[in-house]
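Me: I have a structure open and some basic questions about it. Can you go through it with me?

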Amino acid sequence: MSEALSQAYPSQPVKIKGRKIPDNLIREVINGTTFYYPDFRAVLNKSKTLEEIMVDSALQRTLKEGIGDKIKAQLDKKRFRFGRGEIGVHLGPRDNVGLDMAIFDRSELSTILEQLM
């Protein structure tokens, strides 16, 4: 894993033997390595709900909104699209990440959508 990714995703992959972990507890898959949400074990033990471990705090939400609004205001809207939320992005085989914010080139999105249709 690159240094930038290891800083962005400091959690270590988890190894659990003999127990199937539901896919909804997977946060990212990078180079085929699965990273689970923090506290996923609490969900498995039924001491927390999935929503409790996935939600942002009020501070996180406020920061994301403020930063996102500033970025969106500066963006060339004819050329780029801005998205926020838990955006799932498939980077390649065995590489899937969730993004809090993302800027997409509209021309590349058009190409991708044409290929899907």
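Me: How many bridges join E1 to E2, and do the strands run parallel or antiparallel?
Reply: Four bridges join E1 to E2, and the two strands are antiparallel. Keep in mind that this is a predicted model.

Me: What stands opposite Val29?
Reply: Thr34, which belongs to E2.

Me: How many residues sit between the strands of that hairpin?
Reply: The hairpin of E1 and E2 has two residues between the strands. Asn31 lies in that loop, between strand E1 (26-30) and strand E2 (33-36). Its phi is near 50 degrees, a positive value in a residue other than glycine.

Me: Is Asn31 buried or exposed?
Reply: Asn31 has a relative accessibility of 46%, so it counts as partly exposed.

Me: Which residue has a positive phi near 65 degrees?
Reply: Lys46, which again is a residue other than glycine. Lys46 is in the loop between helix H2 (40-44) and helix H3 (50-54).

Me: And why does Lys46 count as exposed?
Reply: Because its relative accessibility is 74%, and the cut-off for exposed is over 50%.

Me: Changing topic. What is in the largest nonpolar core?
Reply: That core has nine residues: Ile21, Leu25, Tyr36, Tyr37, Phe40, Val43, Leu44, Leu50 and Ile53. Helices H2 and H3 each supply at least two residues of this core. H2 gives the most, with three residues.

Me: Is there another core apart from that one? Which residues are in it?
Reply: Another core, of six residues, lies apart from the largest one. Among its residues are Phe35, Ile87, Val89 and Ala102. As a general point, nonpolar side chains in soluble globular proteins tend to be buried together.

Me: Back to Leu44. What does it touch, not counting residues up to four places away in sequence?
Reply: On that count, Leu44 touches Arg19, Ile21, Pro22 and Leu25. Of these, Ile21 and Leu25 are also listed in the largest core with Leu44.

Me: How many aromatic pairs are there?
Reply: The count comes to one aromatic pair, taking ring centres within 6.5 Å as the rule. The rings of Tyr36 and Phe40 have their centres 4.9 Å apart and their planes at 25 degrees, so this pair is stacked. The cut-off for stacked is under 30 degrees.

Me: Are Tyr36 and Phe40 buried or exposed?
Reply: Both are buried, and both belong to the largest nonpolar core.

Me: Now the whole protein. How many helices and strands are there?
Reply: The protein has five helices and four strands. From the N terminus on, the order is α-β-β-α-α-α-β-β-α.

Me: How much of the protein counts as buried? And what about the surface?
Reply: The protein has 117 residues, and 24% of them count as buried. The accessible surface is about 8900 Å², with 54% of that belonging to carbon and sulfur atoms.

Me: What share of the contacts join residues at least 24 apart?
Reply: 38%, among contacts between residues at least 6 apart in sequence.

Me: Last topic: pLDDT. Which element has the lowest mean, and which the highest?
Reply: Helix H1 (residues 3-8) has the lowest mean pLDDT, at 44, and helix H4 (residues 58-74) has the highest, at 91. Over residues 1-10 the pLDDT is below 50. Beyond near neighbours in sequence, that stretch has eight contacts in the model. Where pLDDT is low, the predicted coordinates should not be read in detail.

Me: What is the average for the protein?
Reply: The average pLDDT is 79, and 81% of the residues score at least 70.

Note on methods: Residues are numbered from 1 along each chain as its sequence is written. This is a predicted model: local features need pLDDT of at least 70, side-chain atom pairs count only at pLDDT 80 or more; totals for chains, interfaces and linings use all residues. Side-chain values use heavy atoms; hydrogens and water are left out. Rings of Phe, Tyr and Trp (its six-membered ring) pair if their centres lie within 6.5 Å; planes under 30 degrees apart count as stacked, over 60 as edge-to-face and the rest as tilted. Buried means under 20% relative accessible area, exposed over 50%, partly exposed in between (1.4 Å probe, protein chains only). A nonpolar core is a set of buried Ala, Val, Leu, Ile, Met, Phe, Trp, Tyr and Cys residues joined through side-chain atoms within 4.5 Å. Contact means heavy atoms within 4.5 Å. Accessible areas come from the Shrake-Rupley method with a 1.4 Å probe; for residues, only the protein chains shown count as cover. Two strands pair if DSSP finds at least two bridges between them. pLDDT is the predictor's confidence in each residue, from 0 to 100.
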